[in-house]
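Welcome! Here are some short exercises to work through with the structure in view. Try each task before you read its solution.

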Amino acid sequence: MKNIYLNIFNNNKKNIKKARGILKKNCVIAVPTETVYGLAGNAYSNSAINKIYKIKGRPKKNPLIIHYYNLKQLKKDVLINKNFLKLYNKFSPGPLTYVLKKRKKSRITSLATSNLKTVAVRFPSHKVIRSILKELKFPLAIPSANISTGVSPVTAHDVVDEFGNKVKFVLNGRKSKIGLESTVIKLDEDVRILRPGVISKNQISKFLGIKIKFLKKSSQLLSPGMLKKHYSPGIPIKLNCKKNDNKAAFIVFGKKYKSNKDNFNLSVKGSLKEAGKNLYGTLRKIKKLKYKKINVVKITNKGIGSVINDRLKRASN
Ligand code: TXA
Ligand code: MG
């Protein structure tokens, strides 16, 4: 049998060129980003986008985020506005995704945007994906590289773990620095946060000088990634636990927890940033060790802590 780790490629010049070549043929590859690894395909190609939905087993009504190198490329496909420009200048490239109105003449296939009138766009900062985007004449649809509703991958090996030989080209870009998916903000009419991320609602509110709310649950369809079950390792998870019970994996945080074979510490030094980076790898590890249950200590609901809690809550559904 072929060793599937042969599907992982170092990010040298030759392989980056090879990656572009595959994308130009409307085939799909896996790429690193600063948030999580993604499955990338030509956003202008029906055939490429079809492959992405198929590999992920993702419902077609759940639209993809389109990734651009810069504004110049973007303007052909979407209508931009003042709030977007302010946020773009402050936070992009980086882990912020903007939902904007799609242009009538946009070349983005309606399959990628689930026939919506809006498009979610992002400018990733990871240097590998940026160097790929810079030389392409089309933007890339890049959903997280996991089977639909599963845990997002943060390393090239995680991607192979998810898809085995179904994805033949995985570009290695080390462990994702942030480890949690981008913040999604809707800017087309009213301003709303659709998915929390490390760039927080308060940070954006303060910066724009307006009050921003999370999108109400009733309108969840707008961002299916906000649907209740998501990011799930497929094992029951209990939050806010004071102690562990027998045989369960115990996700802990901070130095007061002893190292013990069932304890998985997200950050011994008590850094939420480090905990965010380690969250998905820890869930994946626990699943591999075949635990039947996960208990999680109470994690402070501030800053990145609130993003960790958001993902854990959805994973526990
Ligand atoms: O950090 C990230 O954003 C990663 C990396 C790979 O860039 N990508 C990612 O993509 O998380 P995905 O497909 O796993 O999540 C995209 C989220 C979903 O919740 C989807 O419903 C929402 O964005 N979305 C996409 N287009 C939308 C639109 N037009 N309106 C509202 N939500 C949209
Ligand atoms: Mg995802």
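**Exercise 1. A lysine in a loop**

Is K175 buried or partly exposed?

Solution. Keep in mind that this is a predicted model. Begin with the location: K175 sits in the loop between β9 and β10 (183–186). Next, take the relative accessible area of K175, which is 35%. Buried would need a value under 20% and exposed a value over 50%, so K175 is partly exposed. Finally, look for its partners. Setting aside neighbours within four places in sequence, K175 is in contact with V154, T155, K277 and N278. Of these partners, take N278: K175 and N278 are 103 residues apart in sequence, yet their C-alpha atoms are 9.6 Å apart in space.

**Exercise 2. A serine in another loop**

Describe the surroundings of S110.

Solution. S110 belongs to the loop between β6 (96–102) and β7. Its relative accessibility is 36%, so S110 counts as partly exposed. Beyond the neighbours within four places in sequence, the contacts of S110 are K102 and N115. For a sense of distance, pick F138: S110 and F138 are separated by 28 residues in sequence and by 15 Å in space, C-alpha to C-alpha.

**Exercise 3. Overall form**

Find out how the radius of gyration of the protein agrees with that of a compact globule.

Solution. First take the chain length, 317 residues. A compact globule with that many residues would have a radius of gyration near 20 Å, and the protein has 19 Å, so the two agree. Then turn to the extents: the C-alpha trace spans about 60 × 55 × 30 Å along its principal axes. Now add the secondary structure, which consists of nine helices and 16 strands. As for burial, 57% of the 317 residues are buried. Last come the contacts: among those with a separation of 6 or more, 68% join residues 24 or more positions apart.

**Exercise 4. Surface and charge**

Work out what the accessible surface and the charged side chains look like in numbers.

Solution. The accessible surface of the protein comes to about 15800 Å², and carbon and sulfur atoms hold 53% of that. Counting charges gives 71 positive and 14 negative side chains. The centres of these two sets lie 2 Å apart.

**Exercise 5. Aromatic pairs**

How many aromatic pairs does a search of the whole structure find?

Solution. The search finds 11 aromatic pairs. One of them joins F84 and F123, with 6.5 Å between the centres and 40° between the planes, and it is tilted. F84 lies in helix α4 (residues 82–91) and F123 in the loop between β7 (118–122) and α5 (127–134), so this pair ties together parts 39 residues apart in sequence. F84 is buried at 0% relative accessible area, and F123 is buried with a value of 0%.

Another pair is F264 with Y291, which is edge-to-face at 5.7 Å centre to centre and 90° between the planes. F264 is in strand β15 (residues 263–265) and Y291 is in the loop between α8 (272–288) and β16 (294–297), so the pair links parts 27 residues apart in sequence. Both F264 and Y291 are buried. To finish, follow the ring pairs that join Y68, F84, Y88, Y98 and F123 into a cluster.

**Exercise 6. The buried side of a helix**

Which residues of α5 are buried?

Solution. The buried residues in α5 are V128, I129, R130, I132 and L133. They pack against several elements, including α1 (13–24), β2 (29–31) and β4 (65–67).

How values were computed
Residues numbered from 1 in each chain as written. Chains lettered and ligands numbered in written order. Predicted model: local features only at pLDDT ≥ 70, side-chain atom pairs only at ≥ 80, totals over all residues. Heavy atoms only, no water. Helix = DSSP H or I, 4+ residues; strand = E, 2+ residues; numbered from the N terminus. Rg over C-alpha atoms; globule rule 2.2 N^0.38 Å. Buried < 20%, exposed > 50% of the residue type's maximum accessible area, 1.4 Å probe, protein only. Contact = heavy atoms within 4.5 Å. Areas by Shrake-Rupley, 256 points an atom, 1.4 Å probe, with all protein chains shown as cover. Lys, Arg positive; Asp, Glu negative; His and termini not counted. Charge placed at Lys NZ, Arg CZ, Asp CG, Glu CD. Phe/Tyr/Trp six-rings, centres within 6.5 Å; stacked < 30°, edge-to-face > 60°.
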